[in-house]
Amino acid sequence: MAQHDNLVIHNEFTPVQYDPQYILMVNKLKKYFPIKGGLVARTVGYVKAVDGVTFNLKRGTTMGLVGESGCGKTTTGRAILRLSGEKTGGQVLFNGQEVYDLSAKEMRQLRPKMQIIFQDPFSSLSPRLPVGEIIGEAVREHGLVPANEFDDYIDRVMDNCGLQPFHKDRYPHEFSGGQRQRICIARALALNPEFVVCDEPVSALDVSIQAQIINLLKDLQDKYQLTYLFISHDLSVVEHISDSVGVMYLGNLVEYGKTTDIFARPLHPYTEALFSAIPVPDPNAKMKRIVLEGSIPSPANPPKGCKFHTRCEKCMEICKYAEPRWHEIETGHFCACHLYNDNEADAEARETMAAAKAEGVSED
């Protein structure tokens, strides 16, 4: 349990044991950002951007992470890479190593193996450096190749990403959006990573360019056995590229499973609402659109019980008081929803509801 100013954050979790089939194991990961207030700027609350996320990612596969804006997808990716300061709680195992237990020197040695492709291909590239230097800067810094092989190595990396050698002396503003994203991909791949966080890498691109970048990512994955965490709003892209899918809502995973299972049989009401918004390329097709009422609650003051109950058309009384348990509904298909409680989970939830009512806890 960690205490900050006058607030207490509960960090209790059961550590997981490393399983070699998974390159990444995330267990109850939490990342809170303090809210400052008052004349002395003391901490008066926390934005619970990531609030207990758990999943495992197999080597050489792609996991899609989807959800509305503000649900914590990007913060989850950055927290896994240790790019947003210290975690608030939980466990992040990369090849069996707890990322947050590593010293600065050890983390520096690990950095080439964990890379990120940022959402905006323009603002993430330095306007003052030529492309060859942008791609090769970290290669030189980590001493990955001898100095006499450096130029040839950068040429090979650029060629793998669909860039020409003469592009090395040009600057980012001289390229199109798709080419700039290829530069970002080349910069990440130049370090021979094992795991790459793709933070909405095609959202800023035209549809035709999106297809080229997605195909490039898949080709590079097959060639180098890369593992991706693919963060996106575009569910059709996620369905195309992902082996598994996690659905986030207000800092939590509400559903996780194989892509085929998630798209064929979405279990959580929030997942059903998201998937109902996928456009169908048939003007005569009748779509049953599920419209969510209201807006996403504040992550600084989330609702009691199930965080989705304020917008859920299937909301039950128990949803307002008891947080749903995360459990396996089908083989490899996980969901956190009271609709799928077994006897044990239902009894536990009703006990929590009775205790909350006895204490006079508001259902809002």
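A crossing of two helices is called right-handed if the near helix is turned clockwise from the far one by less than a right angle, and left-handed if anticlockwise. Keep that in mind for the tour.

First, some ground rules. This is a predicted model, where local features need pLDDT of at least 70 and side-chain atom pairs count only at pLDDT 80 or more, while totals for chains, interfaces and linings use all residues. Residues are numbered from 1 along each chain as its sequence is written, and side-chain values use heavy atoms, with hydrogens and water left out.

**Stop 1: H3 and H5**

Select residues 131-142, helix H3, and then residues 177-189, helix H5. Helices (H or I, at least four residues) and strands (E, at least two) are DSSP runs, numbered from the N terminus. The axes of H3 and H5 come within 7 Å and cross at roughly 25°. Axes here are lines fitted to C-alpha atoms, for helices over the stretch in contact, and angles run from 0 to 180 degrees between N-to-C directions. H3 and H5 are therefore roughly parallel to each other. (Angles under 35 degrees count as roughly parallel, over 145 as roughly antiparallel, 65 to 115 as roughly perpendicular and the rest as oblique.) Their crossing is right-handed.

Now show the side chains of Val131, Ile134 and Ile135 on H3, and of Ile183, Ala186 and Arg187 on H5: these make the contact, meaning heavy atoms within 4.5 Å. Five of these residues are nonpolar, none polar and one charged. For those classes, Ala, Val, Leu, Ile, Met, Phe, Trp, Tyr, Cys and Pro count as nonpolar, Asp, Glu, Lys and Arg as charged, and the others, Gly among them, as polar.

**Stop 2: Ile135 and the cores**

Stay on Ile135. Beyond its neighbours within four places in sequence, Ile135 has contacts that include Ile154, Met158, Leu163 and Ala190. Which residues have the most contacts inside the largest nonpolar core? Ile135 and Ile185, in a core of 60 residues. H5 gives the most to this core, with six residues. A second, separate core of 30 residues includes Val53, Met63, Phe94 and Met114. A nonpolar core is a set of buried Ala, Val, Leu, Ile, Met, Phe, Trp, Tyr and Cys residues joined through side-chain atoms within 4.5 Å; buried means under 20% relative accessible area, exposed over 50%, partly exposed in between (1.4 Å probe, protein chains only).

**Stop 3: H3 and H4**

Next, add helix H4 (150-160), which the buried residues of H3 pack against, along with H5. H3 and H4 pack at an angle of about 115°, with their axes 10 Å apart, and are therefore roughly perpendicular to each other. This crossing is right-handed too. Among the residues in the contact are Gly132 and Gly136 of H3 and Phe150 and Tyr153 of H4. Just after H3, click on glycine 143, whose phi is positive, near 60°.

**Stop 4: H5 and H6**

Go back to H5 and add helix H6 (residues 207-224). Their axes come within 10 Å and cross at roughly 15°, so H5 and H6 are roughly parallel to each other. H5 passes H6 in a right-handed crossing. The contact includes Ile185 and Leu189 of H5 and Leu216 and Leu220 of H6.

**Stop 5: H9**

Finally, select residues 269-276, helix H9. Seven of its eight residues are buried, so H9 is largely enclosed by the rest of the structure. Tyr270 and Phe275 are among the buried ones. Around them, look for strands E5 (62-66), E11 (244-249) and E12 (252-258), plus helices H7 (235-241) and H8 (259-264), which the buried residues of H9 pack against.
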